[in-house]
Amino acid sequence: MKKLSKKIKFKIASDGSSASGKTTGGKLISKKFKMKFLSSGSLYRYCALKIIENNNDYTTKFISKIVKSINLKKLQSKKLYSPEVAKLSSIIAKKKFVRNALKSFQVNFIKKSRLVVVEGRDIGSVIMPNADLKLFFTCSINEKAKRRLKEFKNQNKKITLKQVKKSLIQRDKDDTKRKISPLIMTKNAVLVDTTKLSIKQMEIKLSNLVKNSIKKKYGNL
Ligand code: C5P
C-alpha cells in the first residue's frame, strides 16, 4: 500500500493482556502505515521504575513530579522491562490519581497525531473510545510465558518459565479485576488471537484489518 494520503486521519487502539502480542502488533502496523506509536504500559512502567529508584517513594507529590517529567525518550529505557518494574507498574495502575495524570499525557499525544496507534489495557474503553479501529489481543498463557521468558533470557535475567507464568497470571488477574479502567474488550473491538501466529502472519492479518477499516472510513483509496 502506498503512503497514506495527508487527508487521512486514523486512530487505532490496541488492547490486550500482558504479553498477548499487542505491542508487537501495534509496532508492526505503525511501521507499515507510518503511524505514530505509544505504548501506554511504558508510562506506568516509567513511574514504577522511578519509585523503585527513589526508595519506594509512593507519595502523590513524588508521583506527580515524575509524571510531569515524562518524555518519549525516557520511555525507551531498557530498565522498564524487568520483572520487578512490571509487578509494581500493575500495582500503581490501580491508583486513580496515577491513571488521571497519565491519561493527560496520552490524550495530548493522541491530539497531536493524525495517524496513531496506542497500545495498553484501557485504550479502546477509556483513552480513545472513538478510535477508528479497536484491536483486542489474546494468546494462550503457555505461549505468552514462553515469549516473555525468551525476552528475559535475552536480557540475561535469571527467571524460570514457572515464575514468568505465575507473574503473568497475577498481573492479568489484577488488570482485569481492578475497579478503575479494567482490561475489557469493548463491543466494537476485533479479537486477534496470536497463539498460533508467526510475526509474518500477524503482520498480514493486521495489515488487512487496517486497510479494510481505512477503506470503510474513506472509501477506495
Ligand atoms: O503493557 P505493559 O505490560 O507494559 O503494562 C504494564 C502494566 O501497566 C500493566 O500490567 C497494567 O497494570 C498497567 N497498564 C494499565 N493501563 C494501560 C497500560 C498499562 O493499567 N493502558
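Here a trainee and a mentor talk through a predicted model of one chain.

Trainee: Let's start simple. How many helices and strands are there in the chain?
Mentor: Reading along the sequence, you meet the pattern β-α-β-α-α-α-α-β-α-β-α-α-β-α. Tally that up and the chain has nine helices and five strands.

Trainee: What radius of gyration does the chain have, and what would a compact globule have?
Mentor: The C-alpha trace spans about 55 × 35 × 30 Å along its principal axes. A compact globule with 221 residues would come out near 17 Å, so the chain agrees with that rule, at 17 Å.

Trainee: In what order do the strands sit in the sheet?
Mentor: The five strands make an open sheet, and their pairing is parallel. Neighbouring strands in this sheet are turned by 20° against each other on average, ignoring direction. Going across, the order is β2-β3-β1-β4-β5.

Trainee: Which strands stand at the edges, and why is one side of each left without a neighbour?
Mentor: An edge strand here has a single partner strand, so one of its sides has no neighbour in the sheet. The strands in that spot are β2 (36-39) and β5 (190-193).

Trainee: Which residue stands opposite Ala13?
Mentor: Strand β1 covers residues 10-16 and strand β3 covers residues 115-120, and the two pair in the parallel sense over six bridges. Helix α5 (residues 96-111) lies across β1, β2 and β3, running at about 155° to β3. As for Ala13, its opposite in β3 is Val118.

Trainee: On to the ligand. Which element gives the largest share of the shell around it?
Mentor: The ligand is surrounded by 15 residues, with Gly41, Tyr44, Ser90, Ala93 and Gly120 the closest. Elements giving two or more residues to that shell are α2 (40-53), α4 (83-92) and α8 (161-177). With four residues, the largest share comes from α2.

Trainee: How many residues of that shell are charged?
Mentor: Sort the shell by type and you get four nonpolar and six polar residues. The charged ones number five.

Trainee: Is Lys144 buried or exposed?
Mentor: You'll find Lys144 in helix α7 (residues 141-154). Leaving aside neighbours within four places in sequence, Lys144 is in contact with Ser18, Ala19, Ser20, Cys139 and Leu168. The cut-off for buried is 20 or more other C-beta atoms within 10 Å. Lys144 has 23 C-beta neighbours inside 10 Å, so it counts as buried.

Trainee: And what share of the residues in the chain is buried?
Mentor: That share is taken over the 221 residues in the chain. Buried residues make up 36%.

Methods. Residues numbered from 1 in each chain as written. Predicted model: local features only at pLDDT ≥ 70, side-chain atom pairs only at ≥ 80, totals over all residues. Pairing = 2+ DSSP bridges. Axes fitted to C-alpha atoms, helices over the stretch in contact; angles between N-to-C directions. Contact = placed C-beta atoms within 7 Å. Near = placed C-beta within 6 Å. Nonpolar A, V, L, I, M, F, W, Y, C, P; charged D, E, K, R; others polar. Buried ≥ 20, exposed ≤ 12 C-beta atoms within 10 Å, placed from the backbone. Rg over C-alpha atoms; globule rule 2.2 N^0.38 Å.
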